[in-house]
Every structure is written in structure tokens, then in C-alpha cells.
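Let's walk through this one together, from the DNA to the protein contact. Have the viewer open and follow along.

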Number of protein chains: 2
Amino acid sequence: MLESTIRKGLRATGRRMTRTRKAVLALLECTHQPLSASEIFTQLQEDHVAIDLVTVYRTVNVLKELGLVVQLDLFQEGQSRYELKEGRKHHHHIRCQICGRIVDLLLCPLKKITRLIEERTQFVVGDHTLEFTGFCPQCQ
Amino acid sequence: MLESTIRKGLRATGRRMTRTRKAVLALLECTHQPLSASEIFTQLQEDHVAIDLVTVYRTVNVLKELGLVVQLDLFQEGQSRYELKEGRKHHHHIRCQICGRIVDLLLCPLKKITRLIEERTQFVVGDHTLEFTGFCPQCQ
DNA sequence: TGTTATTTGCAAGAGACTTGCAATAATGTG
DNA sequence: CACATTATTGCAAGTCTCTTGCAAATAACA
């Protein structure tokens with residue numbers, strides 16, 4: 001996404017475009033895997049971007065609030081991952097239990113299910129998580 | 001489940017039936033919500049059962065290894081919950097965002113989806129999580 | 001009842017994430 | 001462009017969930 005557009009989004013909520021926010025956005029933009037905070041931290045260090053892990057956490061939270069980034073909680077990983085939204089459709093993931101690779105599943109089969117659940121439970125369904133684990137072609 | 005059956009399962013792996021294991025099992029048996037370790041701890045304290053939080057963690061892990069208990073990681077809760085398996089079918093949950101109440105969804109709509117994912121990704125699919133949040137009838 | 005190995009409680013540690021605060025840097029104004 | 005203002009950063013320390021080490025307690029079984 002255009003930096004100026006993001007800058008406007010930040011300004012609209014009284015925030016500023018900073019060196020570190022640019023760096024995190026750029027990293028998420030060129031990475032095709034959802035990254036954890038510590039992975040973002042490590043990768044930026046390798047890229048010689050000075051940033052603190054605390055700032056990574058604060059940055060992904062801001063980007064999440066702005067709706068630029070989605071937070072994923074994958075199956076028993078014990079940490080969150082973040083990926084750029086960038087106009088992408090809501091989707092789910094499968095993670096290889098061996099190598100940890102995460103692949104997007106370009107579908108969400110839950111629309112009918114959601115309606116069924118609302119009928120049966122009388123809940124108003126908000127959000128859902130659906131994540132798979134398994135063995136990828138290389139690790140089988 | 002019968003205590004003697006569980007005792008046999010424990011013995012078969014060189015383990016023992018203890019006061020604390022009985023207490024955790026009994027609590028899970030009479031509770032109709034998946035409980036977190038700290039909830040188990042607090043509830044047992046109120047019931048005047050002397051137990052350490054560490055022992056709760058160790059106990060639920062043993063019961064999980066024996067296949068007596070299922071570990072749930074609900075949507076962005078930051079803690080695991082445990083519920084008795086007791087011959088119950090695989091199922092999912094919905095949690096109220098306001099009051100935290102958890103309701104069982106007595107269905108799993110993912111068999112066809114799993115096959116579709118295996119075809120498309122060439123993964124061998126192992127496990128999955130599917131959890132919903134929303135607003136329960138009382139909190140709407 | 002006694003022997004032995006498992007289990008427990010306590011203290012301490014690990015890992016993910018948050019908060020307080022002073023120093024730093026982005027903004028937009030003159 | 002320089003300045004004043006206010007958000008942001010880095011550091012230290014704290015929180016929370018969960019794990020590990022170890023000596024003392026207890027279950028199992030002869």
C-alpha cells in the first residue's frame with residue numbers, strides 16, 4: 001500500500017509515520033509468511049534496522065488497530081503472528097508440524113456454518129478462528 | 001468415568017492415582033465449562049482441596065497424555081482450557097465476548113473441507129482448531 | 001509396616017507480551 | 001529553516017502463563 005495513504009490513516013488517529021513503522025511495514029510487505037514479533041525483531045536486526053522488541057509489539061498493535069495488519073493465533077504456537085491485510089480476503093492457514101511453514105488457504109467455508117450456529121445457539125457470531133496443522137509435501 | 005478404569009490407565013504408564021488427580025478429575029467432571037489451570041486452582045481452593053498451581057498444570061498434562069482430557073486454545077485468550085473427553089465426540093466452541101461463557105457446538109463441519117485442503121495444498125492434514133466468539137443471548 | 005519410585009510443593013526460571021518514564025524524533029507553525 | 005509541541009522510542013521492570021529442579025511427602029505393593 002502507498003506510504004502516503006498509511007500516513008493519512010496514522011494522522012487521522014493522531015499518530016505519526018516513523019522510521020520503525022516504515023521498517024515493519026516494509027518487512028511485512030516483502031515477506032510471504034505471517035511473522036511473529038520476535039521474527040520481525042530478528043529480521044530487522046539482520047537488516048541493520050535499529051529497533052527494540054517492545055517497539056515491534058507496539059507497532060503491530062497500532063497497525064492492527066488501523067486495520068492494516070491481521071493478528072493470527074495459530075494452533076498451540078504460544079505466540080501471535082502478523083500479516084498485512086492489503087485488501088486481501090479473509091482466509092485461513094495450515095502450518096507444517098515439522099518445518100513450521102505456513103500456507104494460506106484461500107477459502108473460508110464458514111458462512112453457512114455461522115448462520116447455523118446463530119440459529120442453534122442464539123449467539124450473535126462475531127469472529128472465528130480456523131487453523132489447520134499437518135505435514136507439508138516436503139516433510140511427509 | 002470409573003475411578004478404577006482411570007487408575008488402570010495411570011498404572012499402565014507407571015503412574016499413580018493421587019488425591020490431587022482425583023480432585024481435578026472430579027472438578028472437571030462436575031463442571032460444564034472448559035476450565036483454565038488457574039480456574040481449576042481457584043475452584044479447588046474454594047473447595048478446600050490443598051493443591052499447588054504447579055500441580056494443576058502437571059495434572060492436566062498427564063490427563064491429556066492419557067487421552068482423558070482435551071486442551072483447548074480459544075481465540076486470543078492467552079491461556080489454555082481443559083475439558084473431560086469422556087467419550088464425547090470431537091466438537092468446537094463459541095465464547096461470549098462479554099461474559100466469557102463457553103458453549104459447545106455439537107458439530108464439526110470440516111470433513112469435506114479437510115479433503116479439499118489436502119487436494120489443493122498437498123499437505124497431509126492432521127489437526128485443526130475452530131473456535132467462534134460472539135455475543136450470547138443474555139449479553140446482546 | 002517398610003521399601004521404593006512417583007508425586008507434590010516451593011522456589012526459581014522461561015517466554016510472550018505490557019507498562020512507566022525519560023530521552024528522542026516527527027509534525028506543522030511561524 | 002528553526003522551534004515548540006506531542007507522539008514515539010528504548011530501556012528497565014513488571015505481568016501472566018506455564019515449566020523445571022529438587023527435597024520432602026505419599027502411593028503402591030511386597
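Which residues are the closest to DNA strand D? Keep in mind that this is a predicted model. Arg15(A), Thr20(A), Asp52(A), Thr55(A) and Ser80(B) are the closest, out of 28 residues that surround the strand. Helix H2 (19-30) and H4 of chain A each give two or more residues to this surface, and so do helix H1 (3-12), helix H3 (37-46) and H4 of chain B. H4(A) brings the largest share, with 4 residues. Sort the surface near DNA strand D by class and you get 7 nonpolar, 12 polar and 9 charged residues.

Now swing over to DNA strand C. Here 28 residues lie around the strand, and Ser80(A), Arg15(B), Thr20(B), Asp52(B) and Thr55(B) come nearest. From chain A, helix H1 (3-12), helix H3 (37-46) and helix H4 (53-65) each supply at least two residues, while chain B joins in with helix H2 (19-30) and helix H4 (53-65). The largest share is 4 residues, from H4(B). The classes come out as 7 nonpolar, 12 polar and 9 charged.

Leave the DNA and look at where the chains meet. Chain A puts 28 residues into the contact and chain B puts in 28 residues. On the chain A side, strand S5 (102-105), helix H5 (111-121) and strand S6 (124-135) each give two or more residues, with S6(A) providing the largest share, 12 residues. That side has 15 nonpolar, 10 polar and 3 charged residues.

S6(A) also pairs with strand S6 (residues 124-135) of chain B, running antiparallel over 9 bridges. To find your place in that pairing, look for Thr129(A), which sits opposite Glu131(B) in S6(B).

Methods: Residues numbered from 1 in each chain as written. Chains lettered and ligands numbered in written order. Predicted model: local features only at pLDDT ≥ 70, side-chain atom pairs only at ≥ 80, totals over all residues. Near = placed C-beta within 6 Å. Nonpolar A, V, L, I, M, F, W, Y, C, P; charged D, E, K, R; others polar. Contact = placed C-beta atoms within 7 Å. Pairing = 2+ DSSP bridges.
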